[in-house]
Amino acid sequence: MATRVQFENNNEIGVFSRLTNSYCLVGIGGSENFYSVFESELADHIPVVHASIGGCRIVGRLCVGNSKGLLLPNTTTDQEMLHIRNSLPDGVVVQRIEERLSALGNCICTNDYVALTHTDLDRETEEIVADVLGVEVFRQTIAGNVLVGTYCVLSNQGGLVHPRTSVEDQDELSSLLQVPIVAGTVNRGSDVIAAGLCTNDWAAFCGLDTTSTEISVVESIFKLRNAQPSRIQTEMRASLIDAMQS
């Protein structure tokens with residue numbers, strides 16, 4: 001199910017949070033109300049970690065991660081990195097990257113299997129992304145925009161992209177990522193998808209201005225209706241067994 005939330009009267013909640021299947025990072029210094037929304041949905045299943053990156057609260061735009069790993073920009077202090085590493089589950093690899101395009105969350109979009117990256121990302125960074133996050137990496141644009149992390153939100157169930165993405169591009173992305181893709185908006189018509197929405201395989205959070213139509217699109221493409229963490233695992237296990245048998 002998708003939940004509406006605001007960060008200090010700001011609907012761009014994807015800027016202040018990074019959500020995956022094994023942890024959730026939220027920017028420090030927000031209202032207790034903001035944290036309690038995340039914790040009520042997630043705390044039984046994954047840690048909700050209050051953090052900053054390079055002294056900034058915009059953790060959702062500065063880092064990128066999935067259930068296997070987390071990549072931080074070189075502006076991250078040792079103390080911040082230590083706090084994040086200690087707060088995350090043991091199986092999650094945390095690594096700092098020396099990369100000119102340091103807003104990693106704007107330049108990389110990933111689920112647990114595939115990542116789309118900015119076309120100008122360093123070759124070395126691309127290899128680290130593949131290695132730490134355990135994904136296949138593709139350099140891509142979305143509706144002509146190089147900031148793939150800003151205009152696309154991905155989970156293992158589906159993806160939401162910029163509303164001006166052509167049908168051909170959606171089909172190409174869908175075949176690359178092997179998940180269904182749909183074009184849409186959040187926050188009452190905003191095309192900056194990742195700023196207004198963060199999702200994993202069983203929960204999503206979007207800005208308070210998001211309309212019920214936009215929420216229904218989010219819930220259907222990310223298959224969030226009646227989704228629970230345990231159900232995801234059993235469904236995935238069943239489909240894996242089917243694939244192995246066939």
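This report covers strand β3, its neighbours and the largest cavity in a predicted model.

## Strand β3

Strand β3 spans residues 24-27. Its side chains alternate in direction. Cys24 and Val26 point one way, while Leu25 and Gly27 point the other way. All four are buried.

## Partners of β3

On one side of the pairing list is strand β2, residues 17-19. β2 and β3 run antiparallel and are joined by 3 bridges. Serine 17 stands opposite valine 26 of β3. The two strands form a hairpin, with 4 residues between them.

Strand β4, residues 48-51, also pairs with β3. This pairing is parallel and has 4 bridges. Here glycine 27 has alanine 51 in β4 as its bridge partner. Helix α1, residues 32-42, joins β3 and β4 in a β-α-β unit. The unit is right-handed.

## The cavity

A search of the whole structure finds 1 cavity of 30 Å³ or more. The volume of the largest cavity is about 300 Å³. Its lining has 29 residues. Closest to the centre are Arg18, Leu19, Thr110, Leu154 and Thr199.

Several strands give two or more residues to this lining. They are β2, β5 (64-65), β8 (108-110), β11 (152-154) and β14 (197-199). So β2, the hairpin partner of β3, is also one of the elements at the cavity. By class, the lining has 15 polar, 10 nonpolar and 4 charged residues.

Methods
Residues numbered from 1 in each chain as written. Predicted model: local features only at pLDDT ≥ 70, side-chain atom pairs only at ≥ 80, totals over all residues. Heavy atoms only, no water. Buried < 20%, exposed > 50% of the residue type's maximum accessible area, 1.4 Å probe, protein only. Pairing = 2+ DSSP bridges. Right-handed = clockwise from strand over helix to strand, strands pointing away. 1 Å grid on protein atoms, 1.4 Å probe; cavity = no way out; pocket = protein on both sides within 12 Å on 5 of 7 lines; lining within 4 Å. Points joined across faces, edges and corners; volume = space filled by probe spheres on them. Nonpolar A, V, L, I, M, F, W, Y, C, P; charged D, E, K, R; others polar.
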